[in-house]
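Me: I have a protein model here and would like to go through it step by step. Please keep the reasoning short and finish each reply on what I asked for.

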Amino acid sequence: GAIAAHPKIADYPFTTLTPHLGVVSLSDDRSFVVADVPGRIEGAHVGHGLGHQFLSHLERTRVLVHMIDVSSAPGRDPVEDFSTIRHELTRFPVETAGAQAGLLARKPQIVAANKIDALDEPARLERLRQHVAQQGLGVYPVSAVTGLGINVLLEAIWTAFSAPQAPDADALDATTPV
C-alpha cells in the first residue's frame, strides 16, 4: 500500500503536535484517509496538553490505530503508554447530543508496535502483546522507518475500516479518517 502523507518524525516522543492527513491506497482501488494525531497525553480528557483539541478529532474516526513505541527510548514504557491513551479514551466526554463518555473507547482499535527495527529488548514487545491480548486486541509489529510490517497493518486497518458499523455509531463515509 502507498501512503501519501509525510509527517515529521524524530527520535524523541510526542513529535506530532497537529493532525496530519494522508490517503492510503491499497490494491483493488481500495483507499482510506488516515489522520495522524498526537498520542499519549495524560489528562487530555480534562484539557491537559492538547486535550479536547486532539481527542475531538477522534470522534470522526471509524478505527483507532495506536502507534506504540517499543524501542528502548529512555523514560518510555509501551504498556504504560498504551494504558494511558486507553484511559483517556474511556474518560473523554463526547460532545454530541445524547452521547456519553467512553464512546471513543468502544471504537474498533488496532495496536501497532512501532520501531521494531530499534527493538533491543524483545521482552518489551512481549509485555505489550500480553497486556493488549487481555483487552481482546492484537499487536502488529511495524517499523515506520524500514516499512517492515506496514502492509500487514494496512490490511488489518482496511478490514476493521470496512466492517459493518455498530448501530449506535455515527454514519460515516469512505473519506472518514481512521
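Me: Leaving aside its neighbours within four places in sequence, which residues is Val111 in contact with?
Reply: This is a predicted model. Val111 is found in strand 5, residues 109-114. With neighbours within four places in sequence left aside, Val111 is in contact with His66, Ile68, Phe82, Leu128, Val132, Leu137, Gly138, Val139 and Tyr140.

Me: Is Val111 buried or exposed?
Reply: A residue counts as buried when its relative accessible area is under 20%. The value for Val111 is 0%, so Val111 is buried.

Me: What distance separates the C-alpha atoms of Val111 and Ile68?
Reply: Ile68 is among the residues in contact with Val111. Along the chain the two are 43 residues apart. The separation of their C-alpha atoms is 7.1 Å.

Me: In what order do the elements of the protein run from the N terminus on?
Reply: The protein has four helices and six strands. Read from the N terminus, their order is β-β-β-α-β-α-β-α-β-α.

Me: Among contacts between residues at least 6 apart in sequence, what percentage join residues at least 24 apart?
Reply: The protein has 178 residues, and 39% of them are buried. For contacts between residues at least 6 apart in sequence, the share that joins residues at least 24 apart is 62%.

Me: Why do the buried residues of helix 3 line one face of the helix?
Reply: The buried residues in helix 3 are Arg124, Leu125, Leu128, His131 and Val132. An α-helix has 3.6 residues a turn, so residues three or four places apart point the same way. Seen down the axis of helix 3, the buried residues line one face because they fall within an arc of 130°.

Me: Which elements do the buried residues of helix 3 pack against?
Reply: Helix 3 covers residues 122-133 and reaches 17 Å from its first C-alpha to its last, close to the expected 16 Å. Leu128 and Val132 are among its buried residues, and both are in contact with Val111, a residue of strand 5. The full set of packing partners is strand 4, helix 2, strand 5 and strand 6.

Me: Which element gives the most residues to the largest nonpolar core?
Reply: In soluble globular proteins, nonpolar side chains tend to be buried together. The largest nonpolar core has 15 residues, and Leu26, Phe32, Ile110, Leu153, Leu154 and Ile157 touch the most other members. Strand 2, strand 5 and helix 4 each give two or more residues to this core. With eight residues, the element that gives the most is helix 4.

Me: How many residues are in the second, separate core?
Reply: This core includes Phe82, Ala113, Leu137 and Val139. Phe82, Leu137 and Val139 are also among the contacts of Val111. The number of residues in the second core is eleven.

Me: Which residue has its backbone oxygen 3.1 Å from a polar atom of the side chain of Arg62?
Reply: Arg62 lies in the loop between helix 1 and strand 4. At 11% relative accessibility, Arg62 counts as buried. The backbone oxygen 3.1 Å from a polar atom of its side chain belongs to Phe161.

Me: Does Asp28 count as buried or exposed?
Reply: Asp28 lies in the loop between strand 2 and strand 3. Its phi is near 60°, a positive value in a residue other than glycine. Exposed means over 50% relative accessible area. At 68%, Asp28 therefore counts as exposed.

Methods
Residues are numbered from 1 along each chain as its sequence is written. This is a predicted model: local features need pLDDT of at least 70, side-chain atom pairs count only at pLDDT 80 or more; totals for chains, interfaces and linings use all residues. Side-chain values use heavy atoms; hydrogens and water are left out. Buried means under 20% relative accessible area, exposed over 50%, partly exposed in between (1.4 Å probe, protein chains only). A polar contact is a pair of N or O atoms within 3.5 Å; within protein, one must be able to donate a hydrogen and the other to accept it, and residues adjacent in sequence count only if both atoms are side-chain atoms. Contact means heavy atoms within 4.5 Å. The expected span of a helix is 1.5 Å times one less than its number of residues. The arc is that of the directions from the helix axis to the C-beta atoms. A nonpolar core is a set of buried Ala, Val, Leu, Ile, Met, Phe, Trp, Tyr and Cys residues joined through side-chain atoms within 4.5 Å.
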